[in-house]
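Here are my notes on the model you sent round, set out as numbered points. Please read them with the structure open beside you.

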Amino acid sequence: MSSIERLEKRILREKTARLEAEKIADAGLRELNLERESLAQTVEFQASELRHHIKLIEESRVRATHSALWEIGDRFNSAGFDDVVGSIRASLEGIVKISGALSAGVWEIEQESFEINNIARFVDPESTTEALQRVKIDIVGQNFMSDLSGADEGTFLVYTPSAVEEVLPQLHLWNPGLDEISEPTLRLGVGVVRDLKGKTTIIAASFRSEVGASERDKLVSTMIRGVMGLLRQFLSRIDLQNELLLFNRKQSEVHSSFMKAAGKLMMVEDHDLDRLVTEIMQETAFLVGALGITDWKFDYESERYELSRLWLHPSVAHRSVVESAAFGSRAFLDATREAGGTLQINPETPTLAEPNRISVVRSRAGVPTGILMAAKLDPNPWNELEIEILERLSALLLAVETRLSSDTRANAAIDNSPMPIALRSLNGKLLLDCNEAFLKMVGRTSAKGLLGTPPETLLFQSIEDVDPKYRVSSKWMFDNDGYHTSFSGASNTSGGTTDLVYRGPQGRPILAETRCVEVTPSYDKPFLLVHADDVTEKRQAEHRLRSNIDDLAFINAHDDLTGLFNRRGILQTISEMDSESGGGALAIIDLDRFKNVNDSLGHETGNIILERVAEVLQRNVRDGDAVGRLYGDEFVVVLRGPVSEVVARAIVQKIMDQAGALVAIDSHRYYPSLSVGIAYWNSFRESGEAFRQADAAMYAAKRDGGNRLVLYDDSMKLAEASKQQLEVDLRQAIERDEFCVHYQPVFSMENSTIVGVEALVRWQHPERGLLVAGSFIEDAEQMGFASEIGLIVLRIACTEARTWPIGTAPFTLNVNIAASQIANGPALTDHVSNVLMETGFDAGRLCLEVTESSLIGDLSKAEQTLAELSRLGLQLALDDFGTGYSGLTYLKRLKVDTLKIDKSFVNDLTTDEDSVKFVQSIINLADMLDLGLVVEGVETEAQAEMLRSLGCDRAQGWHFHKAMPAEALERLLAGQADSVTNSFV
């Protein structure tokens, strides 16, 4: 997939994330609208009940009462928030006028404290004197209040004058001293009981005890009961309308808050994410009434919850919060993660130690990745709006994290792309950023000094700008009108390409095919994505072809990079030699470990080395001999016959000696080594066979360690056929799962207990039986199968070791990794991480072994790869220590945990004093560096005793145990566990 396609996918993902956030907000708004409509329907239902009640009152036998209650009900039905008290006072006026009472009032009583609050009252101005109208209407007396607050809703009470005088001595509804009123009667009704507010509403009326009191009782009773019912319906409607108003206001506030938050978060950069999220968490806490909000992330590798963000109300900011917890140690977090949804814990009496909590999980690809948790001291459960607010925040965080993750992957893709890429502004075409490949193309080590510069900074405007030493060789770039020296032609974003002449390393002109694409990010300004592909060699070849059609034969017979013959040219030369002098010798030459040079130093550096090697070849052949480059790092030398074996060897050995001299490129040092195979040909017809024979001899030289010359003989023919068959068999073995693992125990030298095992690959060959690694693993490495086999061994070993009876005792599973796996870098880390997750094996018990020789190709890359592996929580061991290139610099840079002494130093341990000194020095070195140590290849008791005396603590070898299948090892471990258990009985 091209960088452009990946970037387009990135843009699509960003737009998708934005649309998803908008969908979440719209979905929440629709749900809130539905809830508002439901509340509106409830209000309408209450109003319907109120009208129904009025209809019942209309059918009352007292027409006047009917009319009055109808008017009161109509007043209640049309009253709003600003007319609550006025409507209640009008109802009291109706009671007074219809019943002839002196006064009437409405009070609220606190059920626990009996605190009294007068809501409204009305005194008949025609039935009392002016002085009486000024008398305060009040109700006191706790015993009386206790009776009322405990009465059932709708209770109607009548108190006689004596009862009133007895229980309500301070009830100032009349004053005999001011007029001739005597023996008043108090009519009381217990109205709405509000459980949530803890209040009781009562209605009271007083009147004279005169003739017709019985009829008056009926009127007062009817009026108070009617007003009680209407008042209950009225207050219920007012509460519902008030709740709906508050709900709408909060809904609007929430929607506005989240739209602002979404806008900010979708623009935020990674470095500013935590600060902005913490601010939004604070706003969310105020919306839901939370004392604190925490955001947790999951670390599946270490199986822990990690606190990533936190906001606490100032009143609880002093309290400490655990920042990390293991899976299984926090019940609420565990339950939420396992449920994959939203959970609440609502204690009857919340405390700071056990608050009312809610947690919302967010997942990516079906796997929970984080939990948003809020806490409050309010005992009421979290309502639907509060839950929705927290779930919307969680969804918003997920969308932002996904976008940032996508941005990170896109940036990584650009940074690691082998194609030179630059980002430029639309206006002015100023350089915004570029990748490492672009810097290499223009000969820079850093973008510092280039950022903000126009394209002309890096482009040649004419041949006069070029260094004189390059003018002749690069003049062709400027001769053709098709080549541009200005960026204006390349900035056309239609998708076409333009050739531009860049200032390359050391000022050398570089012709680059340049394509510009306009990119419009979702949350940033548009910019130009510039791809520049170095096509100097390609265009030069095309120029030669166009310049002189007669040179076509030369081009077809020569290599563009080195100017040597290509395969076609070599075959033509052999044909000419055959007709002139007969047969000759053929040497196939290949650079050892050249792939590491390209991977670590880049192809440009690799090309320079190939050119240097080509020069060495040309300087050291005879007149009449021919030199060619077949492909990649493989060359050929054709020696004109007749030529003896001695002469052929001498010529090739001289080439090998001179090619092995130091090649210095900038700050890099490289010492090429060659593997060479020689074969003879008698005629042109046999040249094809001679190529195959020389190639087989060259691979034999590589198998023997490289940097050597091998002359083909007939035995190699059988070896070559065997090698080809082995490649077929290995490929089938991978497909048919023919590989298995045996385990060699690692023993403690102190107590002879098993403290680990080394996983060793075995091949159950269908014809040759069980094969050990030494019979095929080196060939598998050369054939490119080592990485696949290594991954198979790792997965089998982790799967089988997971069920072994090793308990909590120290135990390490050692698995070897090949040089090709280390070269894969991030892919190896991903493979190991995936295996650990799939098998559930404890990363802390896994130790990956690397050999010294596998690290020398690119120490910097090896250092980076091992550091990434170490961050997974596993251990690293340096295998075959002492046989390769190790030094203190290696140990310091690689930061391994364990050294493994090669068995070659153990063989002579009891007879060679130098071996003893060498082993002792490594043990001392490991001790000083606080590294673990394991000695391999212990085969006798005498060797074991010597190692104990030297202070070695762990060893493995046939003296202790041979490698064995998993079943046998499991029985051995079970027996060891039983013996340990019995020793404590």
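1. I begin with His742, which is found in strand 25 (residues 739-748); as with everything below, the placement comes from a predicted model. His742 has a relative accessible area of 13% and is therefore classed as buried, the cut-off being under 20%. Leaving aside residues up to four places away in sequence, His742 touches Glu758, Ala759, Leu760, Arg762, Leu770, Ala963, Met964 and Pro965.

2. The strand that carries His742 is itself mostly covered, since 9 of the 10 residues of strand 25 are buried. Strand 25 runs antiparallel to strand 26 (residues 754-765), and 9 bridges join the two, with Val741 having Val761 in strand 26 as its bridge partner. These two strands form a hairpin with 5 residues between them, and in the turn Ser752 has a positive phi of about 60°. Strand 25 also pairs with strand 33 (residues 954-955), again in the antiparallel sense, over 2 bridges; there Phe747 stands opposite Ala955.

3. Which strands stand at the edges of the sheet with the order 19-20-18-23-24? This is an open sheet of 5 strands with mixed pairing, and its edges are strand 19 (626-631) and strand 24 (709-711), each of which has a single partner strand, so one side of each is left without a neighbour in the sheet. From one strand to the next, the twist averages 20°.

4. Although strand 19 stands at an edge of its sheet, strand 19 is mostly covered, with 5 of its 6 residues buried. Strand 19 pairs with strand 20 (residues 634-639) in the antiparallel sense over 5 bridges; Arg629 has Phe635 in strand 20 as its bridge partner, and Tyr631 stands opposite Glu634 in strand 20. The hairpin of these two strands has 2 residues between the strands, and Gly632 takes a positive phi near 50° there.

5. Two helices deserve attention in connection with this sheet. Helix 18 (residues 645-659) lies across strand 18 (584-591), strand 20, strand 23 (674-681) and strand 24, and runs at about 160° to strand 23. Helix 19 (residues 687-703) packs on the sheet as well, touching strand 18, strand 19, strand 20, strand 23 and strand 24, while its direction makes about 150° with that of strand 23.

6. Another open sheet has 6 strands in the order 8-7-6-11-10-9, and its pairing is antiparallel. Strand 8 (324-326) and strand 9 (342-345) are the edge strands, each pairing on one side only, and neighbouring strands of this sheet are turned against each other by 20° on average, direction ignored. Within the sheet, strand 6 (residues 292-299) pairs with strand 7 (residues 304-312) in the antiparallel sense over 8 bridges, and Gly292 stands opposite Leu312 in strand 7.

7. Which residues touch the most other members of the largest nonpolar core? Among its 77 residues, these are Leu813 and Leu846, and the largest share of this core, 7 residues, comes from helix 22 (residues 786-801). A second, separate core has 31 residues, including Ala587, Val621, Val643 and Val676.

8. Returning to Leu846, its contacts beyond four places away in sequence are with Leu794, Cys798, Leu813, Val815, Val832, Leu836, Phe841, Leu874 and Gln875. One of these contacts, Cys798, has a relative accessible area of 0% and so counts as buried, being under the 20% cut-off. Cys516 is likewise buried, at 0% relative accessibility, and the structure holds 0 disulfides.

9. Some totals for the whole chain may help to place these details. The chain has 29 helices and 33 strands, and of its 985 residues, 47% count as buried. Among contacts between residues at least 6 apart in sequence, 64% join residues at least 24 apart. The chain exposes about 48300 Å², of which carbon and sulfur atoms supply 50%.

Notes
Residues numbered from 1 in each chain as written. Predicted model: local features only at pLDDT ≥ 70, side-chain atom pairs only at ≥ 80, totals over all residues. Heavy atoms only, no water. Core = buried A, V, L, I, M, F, W, Y, C linked by side-chain atoms within 4.5 Å. Buried < 20%, exposed > 50% of the residue type's maximum accessible area, 1.4 Å probe, protein only. Helix = DSSP H or I, 4+ residues; strand = E, 2+ residues; numbered from the N terminus. Contact = heavy atoms within 4.5 Å. Pairing = 2+ DSSP bridges. Axes fitted to C-alpha atoms, helices over the stretch in contact; angles between N-to-C directions. Areas by Shrake-Rupley, 256 points an atom, 1.4 Å probe, with all protein chains shown as cover. Disulfide = S-S within 2.5 Å.
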